[in-house]
Amino acid sequence: MRTRTQVPPRLVLASASPARRKLLQAAGIEPEVLVSGIDESDIRAATAEDLCLELARRKAQAVADRVLAAIVAGHLPPGDTLVLGCDSVLEFQGEVYGKPGDASEAFKRWQRMRGQWGVLHTGHCLIKGDVRADAVASTVVHFADVSDEEIAAYVATGEPLNVAGAFTIDGIGGAFVERIEGTAGTVIGLSLPLLRELLADLGHSIVELWRQPQTLEG
Ligand SMILES: Nc1nc2c(ncn2[C@@H]2O[C@H](COP(=O)(O)OP(=O)(O)OP(=O)(O)O)[C@@H](O)[C@H]2O)c(=O)[nH]1
């Protein structure tokens, strides 16, 4: 009887985000990382959701094109390669915020955000060959009414400068987030339940991506 060993699909994370990679690793998935390096500055959209989705699509497509070229050139074995691109933005009182440009911008934003709420939108785009599944996950974030001294100290840590919305929920900034309505992963930059749905849309189960049993212990 012939047997056909099922080669598990390969997930390529088209993101430089260490937080996204850690989320996947903690969920039992060891992605390959290929940073898209796209220029995000010239992309515009009507809404925060449209913007993060378009950016996620551009990141995923840029890396998917490189993966295809590597397969055609024989540098990568053919097989099921799934490329995931993500992008996160904060929608706050009608404004759309990415990462703050500098400490002064981070300080000013926090003075506006404190005691208020915003929506962290994360666009996800999963590409397999010439098929794409994409969607946006959104989480409402309620910010604590922090003092100027707390804001100054937080900005001085440098953490808010490199993250969308100038805050983290799983880092030092966690003390300044009172509650959320939605998934924490969406705030951090990748919704695992949404990834599960997008994988299913492309005919895969997230179970296929879990590391082989012998390595699940890590
Ligand atoms: N750890 C953590 N990171 C966050 C949080 N909120 C936003 N981020 C990060 O802020 C960054 C948002 O910028 P993006 O443009 O989406 O992604 P990037 O880091 O520039 O990386 P690329 O996907 O290569 O563009 C991502 O790295 C997110 O993981 C959070 O609450 N916790």
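**Entry 1: the shell**

I began with the shell around the ligand and found that strand 3 gives the largest share, three residues. Strands here are DSSP runs of E with at least two residues, helices are runs of H or I with at least four, and both are numbered from the N terminus. A note to self: this is a predicted model, where local features need pLDDT of at least 70, side-chain atom pairs count only at pLDDT 80 or more, and totals for chains, interfaces and linings use all residues. Residues are numbered from 1 along each chain as its sequence is written, and side-chain values use heavy atoms, with hydrogens and water left out.

Which elements give two or more residues to the shell? I noted helix 1 (18-26), strand 3 (81-92) and helix 5 (184-188). Of the 20 residues around the ligand (a heavy atom within 4 Å of it), those that come nearest are Ser15, Lys99, Ile169, Asp170 and Ile188.

**Entry 2: backbone contacts**

Next I looked up polar contacts (N or O pairs within 3.5 Å). Ligand oxygen atoms lie 2.8 Å from a backbone N or O atom of alanine 16 and 2.8 Å from one of isoleucine 169. For alanine 164, I read 3.1 Å between a polar backbone atom and a ligand oxygen.

**Entry 3: a salt bridge**

I then turned to salt bridges (a Lys or Arg side-chain nitrogen within 4 Å of an Asp or Glu carboxyl oxygen), and the count came to ten. One of them joins lysine 59 and glutamate 40, with the closest N and O atoms 3.5 Å apart. Lysine 59 is in helix 2 (residues 48-72) and glutamate 40 in the loop between strand 2 (32-33) and helix 2, so the pair ties together parts 19 residues apart in sequence.

How values were computed: A polar contact is a pair of N or O atoms within 3.5 Å; within protein, one must be able to donate a hydrogen and the other to accept it, and residues adjacent in sequence count only if both atoms are side-chain atoms.
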